[in-house]
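Student: I have a structure to go through before my next bench session. Can we work through it by question and answer?

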Amino acid sequence: MQNGNAVVVTQLAELVSSLERRETDTSAGLNQLIDNGVLHVAGCQYAGITLAERSKSVINVAATHRYPILLDAIQNRYGEGPCLDAAWRHHVMHVDDLTEDERWPRYRRYAIEQTPIRSILSYELFVDRGTLAALNFYADSPHAFADDSVELGGVFATHIALAWSVLRRQDQFRSALASRDMIGQAKGIIMERFNLDAVEAFELLTRLSQKSNTRLTDIAKSLIDNEHPLKRRHH
């Protein structure tokens, strides 16, 4: 790898590390990383991340422009395209010239009609319980990505897969903390209203959850939401 690319790799590693330290939310973190990719992967003008399921439903989770979002919508509609193939069957897909590529006829037709994009680089990010993701770089001109770009794009894919894993864990942790706080508030409401202790209040919440087949956090949220109007009336 050339010295310039080595510098980019160092910067990318520092960016991933800073996202972790700052506890950035997943969407903002991914968008920051692909913005960085557009700056450094030679030939690239747009980037996006595609999330796909085995049912072939496709959504865009990050994009630097409306074109990646539009191309993911086309892939979702027709169940074919380079990003899907990168996620499902190959680690890397390189489209040199979309006008001459015959692998995805419906995708190609609508992509050419609706966007100026002609070169595409797609990398598998992860496969997790039937959900798959791909990182995609796009350019308007054909043959936009030289070997150096393909190599550096792969480095970005590795770092983004790592960052996504970290960011998802942080999201889950924040969600768990929020759920814990919500259940604590609901317990307080029940303790005050029915003169129960903390253990009895939690047991009552659990029974309500089981009988109604509703998640404990949803029961807690419902109790809190119903309590707020009462508090406003008392004031």
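Student: Which residue of β5 stands opposite Tyr123?
Tutor: This is a predicted model, so read the pairing as computed. Tyr123 also has a partner in another strand, Val92. In β5, the residue opposite Tyr123 is Leu135.

Student: Which residue is the bridge partner of Phe126 in β5?
Tutor: Phe126 belongs to β4, which covers residues 119-128. The strand β5 covers residues 131-139. The bridge partner of Phe126 there is Ala133.

Student: Over how many bridges do β4 and β5 pair?
Tutor: The two strands run in the antiparallel sense. They form a hairpin, with two residues between them. The number of bridges in the β4 and β5 pairing is nine.

Student: Which residue in the turn of that hairpin has a positive phi?
Tutor: Most residues other than glycine have a negative phi. In this turn the phi value is about 50°. The residue is Arg129.

Student: And over how many bridges do β3 and β4 pair?
Tutor: Again the sense is antiparallel. Val92 stands opposite Tyr123 in β4. The β3 and β4 pairing has bridges numbering four.

Student: What is the order of the strands in the sheet?
Tutor: The sheet is open and has five strands, with antiparallel pairing. Its edge strands are β2 (58-63) and β3 (92-95), each pairing on one side only. The twist from one strand to the next averages 20°. The order is β2-β1-β5-β4-β3.

Student: Why is β4 described as largely enclosed?
Tutor: A residue is buried when its relative accessible area is under 20%. The strand β4 is largely enclosed by the rest of the structure because so many of its 10 residues are buried. The count of buried residues is seven.

Student: What angle does α2 make with β2?
Tutor: Helix α2 (residues 26-40) packs on the sheet. It touches β1 (46-53), β2 and β5. The angle between the directions of α2 and β2 is about 70°.

Student: Which helix runs at about 170° to β2?
Tutor: The helix asked for covers residues 66-78. It lies across β1, β2 and β5. That helix is α3.

Student: How far does α2 reach from its first C-alpha to its last?
Tutor: Helix α2 has 15 residues. Its buried residues include Leu30, Leu33, Ile34 and Val38. At 1.5 Å a residue, the expected span is 21 Å, and the model comes close to that. The reach of α2 is 21 Å.

Student: Are Cys44 and Cys83 buried or exposed?
Tutor: The cut-off for buried is under 20% relative accessible area. Cys44 has 10% relative accessibility, so it falls under that cut-off. Cys83 has a relative accessible area of 1%. Cys44 is buried, and Cys83 is buried.

Student: How many disulfides does the structure hold?
Tutor: A disulfide is a covalent bond between the sulfur atoms of two cysteines. The count for this structure is zero.

Student: What separates the C-alpha atoms of Arg89 and Glu124?
Tutor: Arg89 is in the loop between α4 (82-88) and β3. Its relative accessible area of 56% makes it exposed. Arg89 and Glu124 are 35 residues apart along the chain. Their C-alpha atoms are separated by 8.9 Å.

Student: Which residue has a positive phi in the loop between α6 and α7?
Tutor: Helix α6 covers 147-194 and α7 covers 198-212. The residue in that loop has a phi near 55°. At 70% relative accessibility, it counts as exposed. It is Asn195.

Student: Is Asn213, in the loop between α7 and α8, buried or exposed?
Tutor: Asn213 lies between α7 and α8 (216-234). Phi of Asn213 is near 55°, a positive value in a residue other than glycine. Its relative accessible area is 73%. Asn213 is exposed.

Student: In which helix is confidence lowest?
Tutor: The chain averages a pLDDT of 82, and 81% of the residues score at least 70. Confidence is highest in α5 (residues 105-114), at 96. The lowest mean is 65, over residues 3-22. That helix is α1.

Terms used: Residues are numbered from 1 along each chain as its sequence is written. This is a predicted model: local features need pLDDT of at least 70, side-chain atom pairs count only at pLDDT 80 or more; totals for chains, interfaces and linings use all residues. Side-chain values use heavy atoms; hydrogens and water are left out. Two strands pair if DSSP finds at least two bridges between them. Axes are lines fitted to C-alpha atoms, for helices over the stretch in contact, and angles run from 0 to 180 degrees between N-to-C directions. Contact means heavy atoms within 4.5 Å. The expected span of a helix is 1.5 Å times one less than its number of residues. Buried means under 20% relative accessible area, exposed over 50%, partly exposed in between (1.4 Å probe, protein chains only). A disulfide is a pair of cysteine sulfur atoms within 2.5 Å. pLDDT is the predictor's confidence in each residue, from 0 to 100.
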